[in-house]
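Biologist: Please take a close look at how one pair of helices packs in this model, and then follow the neighbouring parts outward from there. I would like the criteria spelled out as you go.

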Amino acid sequence: MRVAPKYPRNTAKSRREGWATLSFVIEKNGSVSNVLVTETSGSKDFAQASIKAVAKWKYKPAMENGEAIQQCLNSVRMDFRMDKKGDDGKSGVSRRFQKKYNLALAALDKKDYPAVEQYINKMFENNRRHLSENNYLHTLAAGYAKAIKDPEQRLYHLESISLHKSKDMTPQRKLAILNARFLLAIQLNKFQKAFKTYNQLKKLTVAKPYLLKYENIIAKSDAFIGGEKDIVIEANIKQQDFWQYALMRNEFSLTDINGSLNKLDIRCANKRHVYTVENNNTWKIPKVWKNCSLYVYGEDDTSFTLTEHPNKS
């Protein structure tokens, strides 16, 4: 049984749109627990409405060898969209936002990076953005991250752009965003993200001329994952209380912690476990856990290195 989220009253009155992606655990009795907001368009009210709805969901328990089991790696995206017939695709952008956006673009063109960062931070302080404003803002922030050579932040902002159909989301723009996401995920060794983006690219008609290039990159990535070299990820907790990552192997370490990490939440297809974190800790996950993702909790701006070690036969 799934309960639909209620559109927050105040946001409906202002015709704001948005979305939230959640991770959750289905317990042995079919109830939902441990709901996390993993991605959002920026509005806390949409995230809260999504959590309230998902917490009420009930499932038929999954069975294994005749016994009910937890299902620990579940996700759902909740979209909050208004009917905007006749909309030109720009009505969600306020004049105040447009003014700040134009000033930030001008500063970026002049390479006045302190000013760009100041404008972007001010715009992000508004958690009641329209969906169109959210897309423009994350596009701007991705351009800024590219200019200052911060691929991690650029990927984050590109992933925060909604690709749902709208008049300003043309097939060509969608291809450009997905192409950048794919190449950045490969560059940063975030292979699970790259594979997911590749599957989205395959569905785009305008991407067909480039599919062979993508397939060759995927083949090289598969060979690297199955090889003898470490997969090294430089991580930083910035946007949320946690940093998330989909594992490609079953043994990993957390090292070079600069700041404070306090909890590691491992969610797999049929198992969940929470650990405390100390520097230079290594974990080996049983292969029967399957398809594991990590949620690493800590203080803001804590940086660390995650290393996935080669699989041992």
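Modeller: Helix 3 and helix 5 cross in a left-handed sense, where left-handed is the name for a near helix turned anticlockwise from the far one by less than a right angle, and right-handed for clockwise. The helices, like the strands mentioned later, are DSSP runs numbered from the N terminus, with H or I over at least four residues for a helix and E over at least two for a strand. This is a predicted model, in which local features need pLDDT of at least 70 and side-chain atom pairs count only at pLDDT 80 or more, whereas totals for chains, interfaces and linings use all residues. Residues are numbered from 1 along each chain as its sequence is written, and side-chain values use heavy atoms, with hydrogens and water left out.

Two packed helices are described by the angle between their axes and the distance between the axes. For helix 3 (residues 95-109) and helix 5 (residues 131-147), the axes come within 11 Å and cross at roughly 15 degrees; these axes are lines fitted to C-alpha atoms, for helices over the stretch in contact, and the angles run from 0 to 180 degrees between N-to-C directions. Helix 3 is therefore roughly parallel to helix 5, given that angles under 35 degrees count as roughly parallel, over 145 as roughly antiparallel, 65 to 115 as roughly perpendicular and the rest as oblique. On the helix 3 side, Phe97, Tyr101, Ala104, Leu105 and Leu108 take part, and they meet Glu133, Tyr136, Leu137, Leu140, Gly143, Tyr144 and Ala147 of helix 5, contact being taken as heavy atoms within 4.5 Å. Sorted by class, this contact has ten nonpolar, one polar and one charged residues, with Ala, Val, Leu, Ile, Met, Phe, Trp, Tyr, Cys and Pro counted as nonpolar, Asp, Glu, Lys and Arg as charged, and the others, Gly among them, as polar.

Leu103 also belongs to helix 3, and its relative accessibility of 39% makes Leu103 partly exposed; buried means under 20% relative accessible area, exposed over 50%, and partly exposed in between, with a 1.4 Å probe and protein chains only. From C-alpha to C-alpha, Leu103 and Leu163 are 25 Å apart in space, with their positions 60 residues apart in sequence.

Helix 5 has a further partner in helix 6: their axes lie 8 Å apart, and the two pack at an angle of about 165 degrees. Helix 5 is therefore roughly antiparallel to helix 6, and the crossing of this pair is left-handed. Here His138, Ala141, Ala142, Ala145 and Lys146 from helix 5 meet Gln153, Arg154, Tyr156, His157 and Leu158 from helix 6, a contact of five nonpolar, three polar and two charged residues. One of these residues, His157, sits in helix 6 (residues 151-159) and counts as buried because its relative accessibility is 7%. Leaving aside residues up to four places away in sequence, His157 touches Phe124, His138, Ala141 and Ala142.

Further along the chain, a disulfide, that is, a pair of cysteine sulfur atoms within 2.5 Å, is formed by Cys268 and Cys292, whose sulfur atoms are 2.0 Å apart. The link joins distant parts of the chain, 24 residues apart, with Cys268 in the loop between strand 9 (261-267) and strand 10 (272-275) and Cys292 in the loop between strand 11 (281-284) and strand 12 (293-298). Both Cys268 and Cys292 are buried. Cys72, by contrast, is in no disulfide, and the nearest cysteine sulfur, that of Cys268, is 7.5 Å away; with 0% relative accessibility, Cys72 also counts as buried.

Two loop residues deserve a backbone check, and for context most residues other than glycine have a negative phi. Asn280, in the loop between strand 10 and strand 11, has a positive phi of about 70 degrees although it is not a glycine, and its relative accessible area of 53% makes Asn280 exposed. Asp301, in the loop between strand 12 and strand 13 (303-308), likewise is not a glycine and has a positive phi of about 65 degrees, while a relative accessibility of 54% places Asp301 in the exposed class.
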